[in-house]
Amino acid sequence: DGCIKAVGQADVIRNQFSGATFERIIDCSGKCVLPGLVDAHTHPVWAGDRVHEFAMKLAGASYMEIHQAGGGIHFTVEHTRKATEEELFNTFKHRLERMRRAGSTLVECKSGYGLNLETELKMLRVIERAKQSMDIGISSTYCGAHSVPKGKTATEATDDIINNHLPKLKELKLSGEIHVNNIDVFCEKGVFDLDSTRRILQAGKDIGLQINFHGDELHPMKSAELGAELGARAISHLEEVSDEGITAMARAKCAAVLLPTTAYMLRLKQPQARKMLEEGVIVALGSDFNPNAYCFSMPMVMHLACVNMKMSMNEALAAATINAAYALGKSDTHGSIETGKQGDLLIINSSRWEHLIYQFGGHEALIDYVIVKGKVTYQNERCGTM
């Protein structure tokens with residue numbers, strides 16, 4: 001059934017299963033077996049990359065300056081609206097395969113480059129199709145409030161989401177066509193304010209979605225306090241979180257999904273991972289893969305978390321496995337090697353697991369096997385020769 005049957009000392013396991021036959025035995029002598037990595041925050045369905053904006057960023061343009069010049073999210077929205085469902089599915093599938101090769105076995109995937117009902121549903125159908133057809137875990141997120149669409153005010157966009165988008169999602173969920181797990185809003189100055197964010201998140205919660213949203217990234221917005229109050233499962237970014245917000249999240253057991261790639265690429269101040277950990281916040285990690293932060297690799301994210309956010313390697317591994325699974329409401333089935341949990345494993349060609357973090361960008365040669373639900377979904381062709 002793809003679940004772990006037993007975990008323990010080799011001799012005990014050998015005795016317990018002495019009479020069993022196996023389809024395949026993998027020799028892990030001198031290697032490490034780790035839980036499959038969990039990427040708690042990605043935007044992987046879109047058309048039209050923003051490679052041209054990278055030069056603008058390097059020249060000093062801020063995220064909001066690019067956004068106001070017609071770039072950023074709006075540039076991607078324009079291309080995603082024009083793309084066919086098939087085109088979006090093919091690029092998405094390719095991206096998921098790259099994530100899996102880098103060790104991710106469960107990935108949170110957001111919509112949010114449609115901003116109108118038709119394109120948001122097109123993106124969610126693409127995510128649903130990958131859920132059904134690919135050997136990788138997916139937690140899907142409706143993120144229709146990723147930006148205010150051109151020609152609308154934030155209040156009009158909020159009303160449209162509450163009156164049109166969410167009822168349609170509820171209907172598709174009941175008919176079994178699309179299963180969405182989470183609701184997300186970009187709570188930010190000049191995007192969705194605290195009041196609009198509250199209305200959308202509450203409406204999503206009312207139709208059974210977990211709250212998992214973007215907050216306190218560029219400006220302190222009191223997003224963390226709001227999330228704790230609404231019973232959010234997780235809040236992402238939090239570069240500008242207040243001390244009160246950190247305390248509230250710890251108390252509410254609301255996970256902080258920290259995104260080291262974003263702070264690194266946008267040259268923002270780093271999220272306060274140490275303070276959060278000391279206060280007892282459940283800290284998770286995500287790649288934030290999107291046209292603004294083009295990173296598929298959770299091992300690189302863990303490395304950045306250790307160097308830039310001062311996390312220990314143990315903390316980073318927990319944040320990219322069990323805590324990230326918690327942020328998606330899946331820590332009872334994913335994120336650790338325990339009897340009864342799903343058999344999502346990583347075998348690395350090293351006798352010390354720390355190499356996965358220590359070797360910056362080295363995962364391509366390090367990861368020998370990626371196993372999802374007890375099935376080898378990736379085997380490095382150089383396996384065993386390193």
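Lys373 is exposed in this predicted model, with a relative accessibility of 53%. Its phi is positive, about 50°, although Lys373 is not a glycine. The residue sits in the loop that joins β11 (367-372) to β12 (375-379). The points below cover this backbone feature at a second residue, one further exposed lysine, the annotated domain and the chain as a whole.

**Backbone: positive phi**
- Most residues other than glycine have a negative phi.
- Lys373 departs from that sign, with its phi of about 50°.
- His237 also has a positive phi, about 85°, and is not a glycine.
- His237 belongs to strand β7, which spans residues 234-237.
- Is His237 buried or exposed? His237 is buried, because its relative accessible area of 2% falls under the 20% cut-off.
- Lys373, by contrast, counts as exposed because its 53% relative accessibility is over the 50% cut-off.

**Lys150 and its loop**
- Lys150 is located in the loop between strand β4 (137-145) and helix α7 (154-174).
- Lys150 is exposed, at 60% relative accessibility.
- Along the chain, Lys150 and His74 are 76 residues apart, while their C-alpha atoms are separated by 8.2 Å.

**Annotated domain**
- The UniProt record, an unreviewed entry, places the feature "domain: Amidohydrolase-related" at residues 33-376.
- Within residues 33-376, helix makes up 45% of the chain and strand 16%.
- The C-alpha atoms at the two ends of that range are 13 Å apart.
- Lys373, with its positive phi, His237 and Lys150 carry numbers that can be read against the range 33-376.

**Fold and dimensions**
- The protein chain contains 17 helices and 12 strands.
- Its radius of gyration is 21 Å, close to the 21 Å that the globule rule gives for 386 residues, so the chain is as compact as a globular protein of that length.
- Taken along the principal axes, the C-alpha atoms fill a box of roughly 65 × 45 × 40 Å.
- Among contacts with a separation of 6 or more, 71% are between residues 24 or more positions apart.

**Burial, surface and charge**
- Of the 386 residues in the protein chain, 55% are buried.
- The protein chain exposes about 16,300 Å², and carbon and sulfur atoms supply 50% of that area.
- The chain has 42 positive and 47 negative charges, and the mean positions of the two sets are 2 Å apart.

Conventions. Residues numbered from 1 in each chain as written. Predicted model: local features only at pLDDT ≥ 70, side-chain atom pairs only at ≥ 80, totals over all residues. Heavy atoms only, no water. UniProt positions renumbered as here; feature names shortened; annotations may be inferred. Helix = DSSP H or I, 4+ residues; strand = E, 2+ residues; numbered from the N terminus. Rg over C-alpha atoms; globule rule 2.2 N^0.38 Å. Buried < 20%, exposed > 50% of the residue type's maximum accessible area, 1.4 Å probe, protein only. Contact = heavy atoms within 4.5 Å. Areas by Shrake-Rupley, 256 points an atom, 1.4 Å probe, with all protein chains shown as cover. Lys, Arg positive; Asp, Glu negative; His and termini not counted. Charge placed at Lys NZ, Arg CZ, Asp CG, Glu CD.
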